[in-house]
There are 2 protein chains.
Amino acid sequence: MSQKFVYLFSEGNGTMRNLLGGKGANLAEMTNLGMPVPQGFTITTEACAQYYEDGEQINNEIIGEIHEYLIKMEEITGKKFGDAANPLLVSVRSGARASMPGMMDTILNLGINDVVVEGVATLTGNERFAYDSYRRFIQMFSDVVMELSKKNFEEIIDEMKEHKGVVDDTELDADDLKEMVVRFKKFYKDNLGNDFPQNPQDQLMEAVKAVFRSWNNDRAIFYRRMNDIPSSWGTAVNVQAMVFGNMGDSSGTGVAFTRDPATGENKLYGEFLINAQGEDVVAGVRTPLPISRLQEIMPEVYEQFVSISDRLEKHYKDMQDMEFTIENGKLYMLQTRNGKRTAAAALKVACDLVDEGMIDKTAAVLMVDPKQLDALLHPQFDPDALKAAVPSGNGLAASPGAACGRVVFTADQAVKMAATGDKVVLVRLETSPEDIEGMHVSEGILTARGGMTSHAAVVARGMGTCCVSGLGEIRIYEQDGYFELAGKRVNGGDYISLDGSTGNVYLESIPTIEASLTGDFGRFMEWADEIRTLGVRANADTPTDARQAFSFGAAGIGLCRTEHMFFDTDRIAAMREMILSKTEQQRRTALAKLLPMQQGDFEAIYEEMNGFPVTIRFLDPPLHEFLPSDENDIISLAGELKVSVEDVKAAVSELHEFNPMMGHRGCRLAVSYPEIAEMQTTAVIQAAISVIKRTGMTVSPEIMIPLIGDVKELNYVKKIVVDTADKIIADSSIEMSYQVGTMIEIPRAALTADEIAKNADFFSFGTNDLTQMTFGFSRDDAGKFLEDYYSKSIFESDPFARIDREGVGALMKTAVELGRSVNPKLKLGVCGEHGGDPSSIEFCQMIGLDYVSCSPFRVPIARLAAAQAAINIK
Amino acid sequence: MSQKFVYLFSEGNGTMRNLLGGKGANLAEMTNLGMPVPQGFTITTEACAQYYEDGEQINNEIIGEIHEYLIKMEEITGKKFGDAANPLLVSVRSGARASMPGMMDTILNLGINDVVVEGVATLTGNERFAYDSYRRFIQMFSDVVMELSKKNFEEIIDEMKEHKGVVDDTELDADDLKEMVVRFKKFYKDNLGNDFPQNPQDQLMEAVKAVFRSWNNDRAIFYRRMNDIPSSWGTAVNVQAMVFGNMGDSSGTGVAFTRDPATGENKLYGEFLINAQGEDVVAGVRTPLPISRLQEIMPEVYEQFVSISDRLEKHYKDMQDMEFTIENGKLYMLQTRNGKRTAAAALKVACDLVDEGMIDKTAAVLMVDPKQLDALLHPQFDPDALKAAVPSGNGLAASPGAACGRVVFTADQAVKMAATGDKVVLVRLETSPEDIEGMHVSEGILTARGGMTSHAAVVARGMGTCCVSGLGEIRIYEQDGYFELAGKRVNGGDYISLDGSTGNVYLESIPTIEASLTGDFGRFMEWADEIRTLGVRANADTPTDARQAFSFGAAGIGLCRTEHMFFDTDRIAAMREMILSKTEQQRRTALAKLLPMQQGDFEAIYEEMNGFPVTIRFLDPPLHEFLPSDENDIISLAGELKVSVEDVKAAVSELHEFNPMMGHRGCRLAVSYPEIAEMQTTAVIQAAISVIKRTGMTVSPEIMIPLIGDVKELNYVKKIVVDTADKIIADSSIEMSYQVGTMIEIPRAALTADEIAKNADFFSFGTNDLTQMTFGFSRDDAGKFLEDYYSKSIFESDPFARIDREGVGALMKTAVELGRSVNPKLKLGVCGEHGGDPSSIEFCQMIGLDYVSCSPFRVPIARLAAAQAAINIK
């Protein structure tokens with residue numbers, strides 16, 4: 001084995017990010033650029049992978065290589081590890097390919113021990129500095145490597161300060177710090193059973209192992225899952241010679257951005273502390289100074305830093321986020337990376353860099369994370385007002401945006417109060433399909449139960465309405481009209497505010513500001529549209545949704561769920577009458593009542609979409625979803641329909657299913673009750689004819705048959721559709737065309753797509769159901785055990801959020817290939833929730849789909865993700 | 001288009017069954033053999049397919065060809081269609097590839113009309129015969145072609161007989177029959193609006209269409225579904241010159257078998273009627289004579305018939321079922337085909353033909369329908385006793401065999417009464433997992449609700465216990481200890497008898513006789529075993545099942561469902577304690593109670609299987625299945641476990657799932673609770689060590705992890721298994737091996753089988769779940785809508801009974817190919833209910849599986865089906 005696991009900074013470069021991690025690659029790059037970087041070496045990500053392969057052991061080969069490079073580092077720095085006369089102290093820092101909060105960050109001053117500390121004191125002539133460095137090291141090492149919480153040590157410090165009667169750490173002198181080191185070491189031994197390690201080599205190996213371990217801690221796993229980072233990547237470890245910002249008033253440390261990360265303004269932005277180590281800046285013990293003040297305090301260092309930061313931005317062609325330390329008047333660069341920024345800043349930086357001629361539009365389009373755009377599409381709290389507010393609870397950030405309104409506890413109340421012009425926030429234990437109308441008129445939705453894929457969360461995201469779900473600590477007393485949270489009682493009608501992007505709940509009114517889709521946003525999205533080849537449509541069930549989708553740039557509707565139209569108060573009665581019918585004739589009578597309502601909706605939706613195609617999915621859910629389950633509701637329904645309570649109960653019980661997800665739904669309903677498909681076809685076509693007659697607009701309805709598993713199902717239902725549609729069209733004086741296609745959401749449909757494609761104009765992948773069937777778990781139930789899967793690293797991402805390429809993706813690919821093999825003109829799209837997920841959109845580009853369809857508020861995300869996919873996938 | 005749609009009998013032969021249907025091919029073959037066959041032609045099955053393709057129209061090309069062949073037929077017979085002077089009358093009969101009850105059978109005397117009838121009278125000098133033929137034709141044509149029920153005409157005949165004061169049809173004279181024809185034609189016109197068709201060409205075309213139509217009537221569709229006959233085959237139509245068995249005392253008609261179809265005895269068997277047409281034999285108006293009597297009445301004809309029947313049996317090398325007519329002393333053969341026979345006869349005929357040197361063992365093995373064997377494996381009613389019994393109800397024939405015992409209404413009663421030596425029949429509304437013990441001790445099970453795949457039906461078939469399910473008309477008063485059926489009250493303790501092969505229920509005691517597995521059966525099965533290449537194992541969960549399976553010839557257990565062991569009264573308590581545990585420690589305590597019970601079961605099963613492999617599936621169902629749902633049961637459980645009722649209710653509600661089939665089950669349980677897998681591994685391995693120590697027997701446990709969808713799930717659970725097992729083995733003084741494999745029952749597992757196979761010793765296809773997930777419908781719910789699918793010809797067979805080769809089969813094939821590509825030693829089997837279905841077994845042979853596993857009572861069926869598959873699939 002001649003694999004190389006360790007690289008000097010001078011051996012690497014900026015392109016070696018996969019091997020050296022982001023931090024290591026950039027340290028190497030800065031070294032090559034001749035910038036002042038304290039030297040050291042990087043242990044590769046492959047060493048981390050090897051560590052896990054070897055059962056969480058660092059093997060002898062790697063240990064040997066680390067020792068070898070430590071010697072090279074000693075030669076470069078002219079210092080020696082563990083040598084009191086000329087000690088080399090190092091920092092140890094993790095560094096993955098992508099910056100990953102949640103992993104072990106930094107151990108400073110490693111290499112110090114009871115002997116070395118004396119040497120440091122002698123060499124620097126600063127005994128206080130030496131012991132301060134030592135106690136910091138003990139503290140960090142114990143916390144990060146040995147999991148002995150830092151808090152324990154803070155308590156010892158507090159005790160000592162109290163005993164001495166001082167307030168600030170800086171008031172402790174060298175003797176105090178010597179005493180502190182003694183106490184720290186004793187605490188260490190009392191708790192861990194061993195002496196604090198004195199051998200610098202042991203310190204180093206333990207620290208390296210701790211970095212490797214931290215790759216798989218819960219927070220890191222969670223972060224990776226949220227950000228689609230594979231666990232196989234591993235992290236590198238950077239071992240770097242220490243420089244000290246805490247050597248006195250000609251020393252210091254700081255962080256800076258080449259542009260303002262909040263606004264994107266092209267102006268050096270940052271802060272620093274004199275006589276401090278990096279952790280002090282983060283800890284906020286003292287208030288740092290703005291970077292501009294450095295110009296006064298150390299003008300030469302400042303000029304040098306400005307020059308370096310300019311060079312770095314031009315070199316990386318992106319805004320940089322840098323860390324530096326000044327040791328006795330000398331500047332050292334400790335890190336540079338592309339800076340994280342707000343969505344608004346991201347757009348401004350991208351546009352400015354193009355205007356400055358630094359990058360082209362393609363590079364600009366790649367520069368913004370599509371998911372960031374979401375923040376720009378929803379109302380946000382006024383930042384000034386928000387600063388003063390304190391959240392009283394934190395639930396799941398289920399649907400982004402900010403909302404402020406008066407508390408209501410039922411959908412009915414919401415409708416009533418909204419009708420009077422009040423802004424309302426709907427607060428419920430959990431929501432159900434019957435709440436749709438109330439959810440629609442609410443500014444925001446707060447639920448006590450339910451996760452990211454609960455009814456409230458899914459529907460709210462679809463509507464673009466702010467939602468905080470699963471706020472477990474709230475106690476709702478709906479009957480009595482109040483709730484309790486954080487010890488406070490909030491009555492119906494009181495104002496509360498929700499932040500759907502953070503999950504924060506405020507028991508006060510906080511003003512919001514509207515989103516703007518023009519300026520940088522508009523310009524940037526135009527570039528994305530020029531580049532992308534995938535079409536982007538929206539999932540929209542109502543004219544309101546359709547309007548929203550159109551304004552966000554959707555070129556059509558990829559999924560209009562007709563059943564959502566049936567839950568409205570004035571419609572569900574006819575729907576229930578239809579379901580409880582005992583004969584086809586009764587069913588037809590009830591359907592005749594629904595026809596004009598559906599037709600009206602379709603007309604309005606066609607008009608909103610102004611000629612773009614509208615894909616209408618026929619009735620999909622099992623019929624029991626439309627029936628009440630509550631005793632009182634059943635009684636009142638029986639009254640309305642003038643049938644016996646027993647009849648209604650019998651129907652409810654007859655329609656009960658053990659596994660409704662796999663029950664009598666989708667095209668199976670049309671097979672059993674062809675008259676439903678007939679009515680829906682009539683509504684689709686009559687609406688089109690009516691709009692064409694009234695406006696002259698092109699109308700392109702696409703009728704989509706759900707849950708097809710066998711071509712014969714499609715043949716049966718399609719015949720009903722075509723017979724009905726062609727007769728209506730022939731009877732009108734209008735020329736119009738329509739298409740009939742299928743959802744591909746059953747594994748068998750994908751496996752037999754060549755048969756199905758012979759009789760279909762289009763396929764739309766229903767990746768939600770396809771994921772359920774392919775994995776064999778239902779989205780409603782999987783939440784309970786998927787947490788175990790994440791924590792045990794069995795799953796790395798939520799397959800309902802990101803298409804599983806190996807399994808679900810394999811079926812999609814099969815369906816695309818089989819389908820196109822018999823029908824080259826077959827139109828292919830996706831309309832599951834994955835349609836708005838960038839990773840999934842990339843996969844859609846890879847397998848050659850024609851379009852993606854997602855909820856209206858995800859349309860801009862999809863447009864950008866599609867552009868990035870077009871660039872990245874050749 | 002030069003496709004030929006019509007063949008003279010002389011143009012065809014016996015190999016053309018696919019094109020000419022069975023009847024047509026055999027008529028051609030007999031013609032070629034020079035046997036006396038009334039000549040005619042066959043319209044092909046392709047013409048039938050064309051008829052459906054043309055939207056249920058016979059196109060002009062085919063009409064032309066029929067006319068052309070009618071002329072040829074006239075030339076051959078020397079008679080003319082519609083010519084009163086020399087009339088050609090024909091029979092029209094359907095004839096599919098496989099004999100298919102439920103389709104239109106026969107129209108006789110076609111070609112007769114008001115004019116021709118007179119010619120017939122003149123030619124035969126028998127006016128009564130002529131008008132009798134005419135009235136019969138009107139009756140059959142109206143019934144079969146025009147769907148004007150035959151009953152209407154019978155009423156007219158009855159009226160006329162009453163009016164004339166006679167009892168028997170034969171007492172009506174020629175004038176009466178003339179009058180009858182007038183009345184029949186009037187009735188026809190009154191009801192259908194048109195005159196009875198006089199043009200023989202029109203009569204013929206309508207009859208041909210009626211045959212084609214009958215291919216798709218409900219009964220034919222049902223029969224095809226039950227017998228795996230594709231709807232694409234279509235039926236042929238045979239048009240044959242009439243010969244008349246009703247021309248007087250030197251005429252007659254009959255049917256005969258070359259051997260006794262009930263016993264297989266090698267002796268001509270059949271019956272005939274003098275002066276009759278075929279329908280009279282069937283109608284049973286007169287009692288036919290045994291065929292041996294023909295020897296006395298017409299010795300020459302008899303000798304000729306015996307000689308022909310010998311020739312036919314030797315020619316077809318199988319028992320023949322023949323129809324013949326004697327017209328004025330001349331013998332005509334109307335049909336021959338391989339005769340249907342009882343299971344016992346089938347075995348005897350096969351063995352005898354081998355002994356007679358007529359066929360070899362391979363041909364013998366192909367001669368018996370595997371499904372027939374079932375009847376031989378279960379107790380049957382004493383045939384003599386059965387003759388006197390009258391059923392009081394008929395439910396679904398859910399699990400075969402006969403049972404007689406005393407009525408009990410609960411599983412507890414069943415257990416108690418059986419313990420005293422009483423034979424019991426369990427009568428329930430429906431059964432649930434908690435009834436298992438009671439079902440086990442019962443002779444038979446009768447339920448009011450539930451179909452062929454209800455809990456009662458599935459479990460009973462698995463146990464080999466007779467079951468009649470879904471007997472809707474029964475009224476059960478469990479509390480009061482009686483039921484009512486057919487107006488009778490039956491108390492608990494009364495005797496009833498069930499026939500699980502017919503669904504009949506008798507309110508009396510009928511003695512049963514036991515099955516015998518020796519003699520012809522044993523000899524025949526040995527031949528099958530010599531030929532087959534697929535292994536046959538059994539699904540068996542208990543030592544009793546294992547013993548049964550072993551006696552039926554299972555070479556191992558392919559599926560031992562460990563959860564079934566947990567439902568016993570003494571175990572479910574510990575199981576529930578485990579489920580309600582709040583900590584891992586509590587769970588381990590409860591599991592420790594289950595360990596010795598499981599271990600004991602495994603020891604007994606290993607011993608029963610005597611060295612054959614035993615595949616043990618780890619806990620599979622969602623945990624809520626083990627908890628009570630009834631309020632009282634919850635209260636008593638809380639009492640037993642000394643926890644609060646609220647705690648139990650909370651646990652039940654916490655474990656509730658929307659779609660349990662896709663919930664927290666299978667390996668997902670082991671991921672969440674590794675200690676369950678640990679306990680089960682301990683039981684499997686300790687049991688093996690104990691049996692090896694005690695008996696020296698080889699024990700080959702195969703641990704099967706259910707519901708794998710991703711290789712990482714397998715890796716996680718397998719590590720627990722291997723760590724646990726290897727430690728126990730190392731601590732023992734025993735050398736033993738074990739295997740770890742997976743179910744392939746989730747589509748994703750099949751799609752990623754190459755990954756999974758890397759870490760698996762075997763795959764066992766769980767085709768029940770795989771079918772559910774691939775089609776996206778649950779077996780519990782699909783029953784409701786699948787009826788619509790059958791009646792609309794969307795599905796032709798039940799995918800839960802017969803593997804869907806296009807979809808589910810495609811996934812299986814993928815899994816086999818991917819799995820073997822990385823692991824050539826991978827052992828492959830199937831353990832869904834399909835493992836006992838001949839068509840599915842054939843598919844398993846096609847894709848190269850190593851074994852099938854099925855319920856014990858299906859083992860002989862599987863052995864035979866596997867042999868047939870080995871012969872048929874090259």
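A residue counts as buried when its relative accessible area is under 20%, and as exposed when that area is over 50%; values in between count as partly exposed. By this rule B:Arg532, at 17% relative accessibility, is buried. The model analysed here is predicted.

B:Arg532 has a charged partner. Its side chain meets that of B:Asp529 in a salt bridge, with 2.9 Å from N to O. B:Asp529 has a relative accessible area of 28%, so this residue is partly exposed. The bridge therefore joins a buried arginine to a partly exposed aspartate.

Side chains of opposite charge can pair when their charged atoms come close. Over all chains, the structure holds 111 salt bridges. One of them pairs A:Asp541 with A:Arg561, whose closest N and O atoms are 3.2 Å apart. This pair links distant parts of the chain, the two residues being 20 residues apart. A:Asp541 sits in the loop between strand E24 (535-539) and helix H21 (543-551) of chain A. A:Arg561 belongs to strand E25 (residues 557-561) of chain A. The aspartate, A:Asp541, is buried because its relative accessible area is 6%. A:Arg561 is partly exposed, at 21%.

A further bridge in chain B joins two strands. The side chains of B:Lys827 and B:Glu702 meet at 2.4 Å, N to O. B:Lys827 lies in strand E30 (residues 827-830) of chain B, and B:Glu702 in strand E27 (residues 700-705) of chain B, so the salt bridge ties together parts that are 125 residues apart in sequence. B:Glu702 is buried, with a relative accessible area of 3%. In chain A, salt bridges that share partners build a network. Its members are A:Glu563, A:Arg617, A:Asp620, A:Arg665 and A:Asp769.

Aromatic contacts were examined next. A pair of aromatic rings is described by the distance of the centres and the angle of the planes. The structure holds 52 aromatic pairs over all chains. B:Phe137 and B:Phe141 form a tilted pair, with 5.6 Å centre to centre and 55° between the planes. Both residues lie in helix H5 (residues 127-145) of chain B. They are 4 residues apart, about one turn of the helix. B:Phe137 is buried, at 0% relative accessibility. B:Phe141 is also buried, at 1%.

The pair of B:Phe409 and B:Phe483 is edge-to-face, because the planes stand at 80°, with the ring centres 6.3 Å apart; planes over 60 degrees apart fall in that class. This pair links distant parts of the chain, 74 residues apart. B:Phe409 is in the loop between strand E14 (402-408) and helix H17 (411-419) of chain B. B:Phe483 is in strand E19 (residues 482-485) of chain B. The relative accessibility of B:Phe409 is 2%, so this residue counts as buried. B:Phe483 is buried as well, at 0%.

In chain A, one aromatic cluster is formed by A:Phe775, A:Phe777, A:Phe785, A:Tyr789, A:Phe795 and A:Phe800. Charges also sit over rings. A:Arg537 lies over the face of A:Tyr851, 4.1 Å from the ring centre. In chain B, the charged end of B:Lys72 is placed over the ring of B:Tyr69, at 4.4 Å from its centre.

The relation between the chains was then determined. A turn of 180° and a shift of 0.1 Å along the axis lay chain A on chain B with an RMSD of 0.3 Å. That is the relation of a two-fold axis. In chain A, the C-alpha nearest the axis belongs to A:Asn659, 2.1 Å from it. Both copies use the same surface: 100% of the contact residues of chain A recur in chain B.

The interface brings 47 residues of chain A into contact with 47 residues of chain B. About 4200 Å² is buried between chain A and chain B, and carbon and sulfur atoms give 57% of this area. A:Met662, A:Arg748 and A:Ile794 supply 16% of the area that chain A buries against chain B, more than any other three residues. The rule finds 4 salt bridges across the interface. A salt bridge also joins the side chains of B:Glu796 and A:Lys712, at 3.3 Å from N to O.

Technical notes. Residues are numbered from 1 along each chain as its sequence is written. Chains are lettered from A and ligands numbered from 1 in the order in which they are written. This is a predicted model: local features need pLDDT of at least 70, side-chain atom pairs count only at pLDDT 80 or more; totals for chains, interfaces and linings use all residues. Side-chain values use heavy atoms; hydrogens and water are left out. Rings of Phe, Tyr and Trp (its six-membered ring) pair if their centres lie within 6.5 Å; planes under 30 degrees apart count as stacked, over 60 as edge-to-face and the rest as tilted. Buried means under 20% relative accessible area, exposed over 50%, partly exposed in between (1.4 Å probe, protein chains only). A charge sits over a ring if NZ of Lys or CZ of Arg is within 6 Å of the ring centre and within 35 degrees of the ring normal. Copies are superposed by least squares on the C-alpha atoms of residues with pLDDT of at least 70 in both. Contact means heavy atoms within 4.5 Å. Buried area is the accessible area (1.4 Å probe) that two parts lose on being put together, summed over both.
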